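Trainee: I am new to this structure and would like to look closely at one part of it. Please begin with the chain as a whole, then choose a single element and follow it through its surroundings.

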Amino acid sequence: MLVAGFPAGSFAANCYVVAPAAGEECVIIDPGQDAEAGIDEILREHRLKPVAVLLTHGHIDHVWSVAPVCGAKDVPAYIHPDDRDLLTDPAKGLSLQPGQQLFGGLTLSEPDDVKELADGAALELAGLEFTVDHAPGHTKGSVTFRTPPAGEVPDVMFTGDLLFAGSIGRTDLPGGSYEEILASLSRVCLGMPDATAVLPGHGPQTTIGRERATNPFLADLAGGIGGPSPRKAARPGPDKGF
């Protein structure tokens with residue numbers, strides 16, 4: 001499997017392009033701020049043809065470029081229905097002050113073709129199979145996408161802002177819930193094999209085994225403690241997004 005990615009825009013939200021191999025069809029995951037040029041470079045380099053855009057959740061740092069990318073490539077976008085309204089009203093996912101404009105009055109629009117995701121759905125796209133796991137807590141409609149192992153290649157999970165290397169997604173924005181994100185981590189992540197590759201929405205790649213052993217949130221969940229204080233739920237670096 002070919003996976004190429006880059007941190008998009010000032011929020012450094014990881015955008016991924018996934019294909020069976022070079023010269024094949026592909027899917028694009030989370031095209032964030034100003035992601036079009038980086039996506040086009042990957043498509044040219046590996047001679048890929050996109051067939052869909054998958055969204056782990058609706059926060060603007062992950063969906064900023066979804067409409068122009070889908071429009072230019074004539075492909076649908078997939079998002080959980082609980083986050084669909086954020087495609088056209090991203091301010092609903094942020095804690096703005098009364099009268100405060102989003103990035104100077106920025107407006108977004110839905111792609112022409114939007115398909116809604118369901119928990120447990122199996123998506124067969126670009127010659128790949130993705131299992132959708134609804135994982136609320138960061139947002140109501142957060143999901144992960146995982147691919148099954150193939151030969152010596154382990155499971156791969158695109159976790160969005162559910163799980164990072166050493167941390168988890170913030171829960172202090174509208175739609176967030178610390179209790180829900182702990183439940184999602186326990187249900188979606190803890191049962192995966194240690195070798196499972198974790199490709200998060202921000203920061204470096206990791207594995208389930210590494211996070212189970214070193215991430216305080218997963219380590220405490222695995223031990224049945226219930227997770228650290230919500231005050232410690234933070235991104236792996238300052239100002240990395242929402």
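Mentor: In the protein chain, 63% of the contacts with a separation of 6 or more are between residues 24 or more positions apart, where contact means heavy atoms within 4.5 Å. This is a predicted model, in which local features need pLDDT of at least 70 and side-chain atom pairs count only at pLDDT 80 or more, while totals for chains, interfaces and linings use all residues. Residues are numbered from 1 along each chain as its sequence is written, and side-chain values use heavy atoms, with hydrogens and water left out.

The protein chain has six helices and 14 strands; these are DSSP runs numbered from the N terminus, with helices (H or I) of at least four residues and strands (E) of at least two. Of its 242 residues, 54% count as buried, a word that stands for under 20% relative accessible area, whereas exposed stands for over 50% and partly exposed for what lies in between (1.4 Å probe, protein chains only).

The part I would pick out is helix 1, which spans residues 36-46. Which of its residues are buried? They are Gly38, Ile39, Ile42, Leu43 and His46, and because they cover an arc of only 135° around the axis, they lie on the same side of helix 1. The arc is taken from the directions that run from the helix axis to the C-beta atoms. An α-helix has 3.6 residues a turn, so residues three or four places apart point the same way. On the other side of helix 1, Ala37, Arg44 and Glu45 are exposed.

The cover over the buried residues of helix 1 includes strand 1, strand 2, strand 3 (25-29), strand 4 (49-54) and helix 3. Before the helix, in the loop between strand 3 and helix 1, lies aspartate 30, a residue other than glycine whose phi is nonetheless positive, near 60°. With 2% relative accessibility, aspartate 30 counts as buried. Arginine 47, which follows helix 1, has a positive phi as well, near 55°.

The helix also belongs to a wider nonpolar core, that is, a set of buried Ala, Val, Leu, Ile, Met, Phe, Trp, Tyr and Cys residues joined through side-chain atoms within 4.5 Å. The largest such core has 32 residues, and Ile39, Leu48, Val53 and Val66 are those with the most contacts inside it. Two or more residues each are given to this core by strand 1, strand 2, strand 3, helix 1, helix 2, helix 3 and strand 5 (77-79), and the largest share, four residues, comes from strand 1. Apart from this core lies another, of 20 residues, with Val18, Leu54, Val143 and Ala197 among them. Leucine 48, once its neighbours within four places in sequence are left aside, is in contact with residues that include Ile42 and Leu43, as well as Leu2, Val17 and Cys26. Cysteine 26 itself is buried, at a relative accessible area of 0%, and cysteine 70 is buried too, at 3%. The number of disulfides is zero, a disulfide being a pair of cysteine sulfur atoms within 2.5 Å.

Some of the elements around helix 1 also come up in the aromatic pairs, of which the structure holds two. Rings of Phe, Tyr and Trp (its six-membered ring) pair if their centres lie within 6.5 Å, and planes under 30 degrees apart count as stacked, over 60 as edge-to-face and the rest as tilted. Phenylalanine 11 and tryptophan 64 form a tilted pair, because their ring centres are 6.4 Å apart and their planes stand at 40°. This pair links distant parts of the chain, 53 residues apart: phenylalanine 11 is in the loop between strand 1 (2-8) and strand 2 (13-19), and tryptophan 64 is in the loop between helix 2 (60-63) and helix 3 (66-73). Phenylalanine 11 counts as buried at 11% relative accessibility, as does tryptophan 64 at 17%. Tyrosine 16 and phenylalanine 158 form an edge-to-face pair, at 5.3 Å centre to centre and 65° between the planes. Tyrosine 16 lies in strand 2 and phenylalanine 158 in strand 10 (residues 156-160), so this pair ties together parts that are 142 residues apart in sequence. At 9% relative accessibility tyrosine 16 counts as buried, and phenylalanine 158, at 0%, counts as buried too.
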